[in-house]
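Here is an informal walk through one model, sheet and helices included. Have the sequence and the 3D view open while you read.

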Amino acid sequence: MVKLELLHDIECGKDDFWKSYFDEALSKRLFLEGLGFRDYAVTSHIEDEKTIRRKVAVEPTLALPAPLLKLLGSQLRYVEEGTFDKATETFRWTLIPSTMADKIRVTGKMTATAKGENKVSRRVELEISASVLMVGKLIEETFAKQLDEGWTKGANVQNEWLRKDRLAASAAG
């Protein structure tokens, strides 16, 4: 099992952070334009007074080592099934891959801590495990690398867009 803890500063307030995280159009733009995914679709979004439950189907663009490409295929997809607890402001999810879902498990937890009026520290904790003979460790390490790079690039793209939006707003006003 590989565990990752990622910390990224996002240049917006905490309420705006969560609002933008669950904004379907913004998320789709981030995944498709910002991260270069082949597909992104929210397949379920259910909100009540305590939680937001969401399912998202995606097809990432991955650079896989040859043994994993042969094993997993060139068009790996996954479904993210997640729940946001409004009271604790914690999002927990599981990624379910289209291939070997019974042998590969990826879970995550995300929180955001205010660092002033217009900045949050986003904390993402990930656990990746693969019970696959001979290549399990390679799967875990490859997924960890891809997820680390994706979350970091996502933070950079989001901050770039936020800065552009602020500049546009100040030029207009």
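## The sheet and what lies across it

Strand E5 is joined to strand E6 (residues 104-114) by five bridges, and the two run antiparallel. Before going further: this is a predicted model, where local features need pLDDT of at least 70, side-chain atom pairs count only at pLDDT 80 or more, and totals for chains, interfaces and linings use all residues. Residues are numbered from 1 along each chain as its sequence is written, and side-chain values use heavy atoms, with hydrogens and water left out.

A word on terms: helices (H or I, at least four residues) and strands (E, at least two) are DSSP runs, numbered from the N terminus. Two strands pair if DSSP finds at least two bridges between them.

Back to E5 and E6: Arg92 has Lys109 as its bridge partner in E6. The two strands make a hairpin with six residues between them. On its other side, E5 (residues 90-97) pairs with E4 (residues 78-85), again antiparallel, this time over eight bridges. Here Thr83 has Arg92 as its bridge partner in E5. E4 and E5 also form a hairpin, with four residues in between. Moving on, strand E3 (residues 51-59) is joined to E4 by eight bridges and runs antiparallel to E4; Thr51 is partnered with Asp85 in E4.

Put together, this is an open sheet of seven strands in the order E1-E7-E6-E5-E4-E3-E2, with antiparallel pairing. E1 and strand E2 (39-47) are the edge strands, each pairing on one side only. Neighbouring strands of the sheet are turned by 15° against each other on average, direction ignored. (Axes are lines fitted to C-alpha atoms, for helices over the stretch in contact, and angles run from 0 to 180 degrees between N-to-C directions.)

Two helices lie across these strands. Helix H2 (residues 24-34) lies across E2, E3 and E4, at about 155° to E2. Helix H4 (residues 136-172) lies across E1, E5, E6 and strand E7 (120-130), at about 5° to E1.

## Two turns with positive phi

Most residues other than glycine have a negative phi. Glu89, in the loop between E4 and E5, has a positive phi near 50°. Met100, in the loop between E5 and E6, also has a positive phi, about 60°, although it is not a glycine.

How exposed are these two and some other residues? Buried means under 20% relative accessible area, exposed over 50%, and partly exposed in between (1.4 Å probe, protein chains only).

| Residue | Relative accessible area | Class |
|---|---|---|
| His8 | 10% | buried |
| Glu80 | 9% | buried |
| Met100 | 19% | buried |
| Glu89 | 22% | partly exposed |
| Lys153 | 41% | partly exposed |
| Asp15 | 63% | exposed |

## A closer look at some residues

Start with His8, in strand E1 (residues 2-10). Its side chain makes a polar contact with the side chain of Thr152 at 3.0 Å. Such a contact is a pair of N or O atoms within 3.5 Å; within protein, one must be able to donate a hydrogen and the other to accept it, and residues adjacent in sequence count only if both atoms are side-chain atoms. Leaving aside neighbours within four places in sequence, His8 is in contact (heavy atoms within 4.5 Å) with residues including Val120, Trp151 and Ala155.

Glu80 lies in strand E4. Its side chain makes a polar contact with the side chain of Arg54, also listed at 3.0 Å. Not counting residues up to four places away in sequence, Glu80 touches several residues, among them Tyr21, Phe91 and Trp93.

Those three aromatics turn up again in a cluster linked by ring pairs, made of Phe17, Trp18, Tyr21, Phe22, Phe84, Phe91, Trp93 and Trp151. Rings of Phe, Tyr and Trp (its six-membered ring) pair if their centres lie within 6.5 Å; planes under 30 degrees apart count as stacked, over 60 as edge-to-face and the rest as tilted. The structure holds 13 aromatic pairs.

Lys153 is found in helix H4. Not counting residues up to four places away in sequence, Lys153 touches Gly34 and Leu35. Its C-alpha atom is separated by 10.0 Å from that of Leu30, 123 residues apart along the chain.
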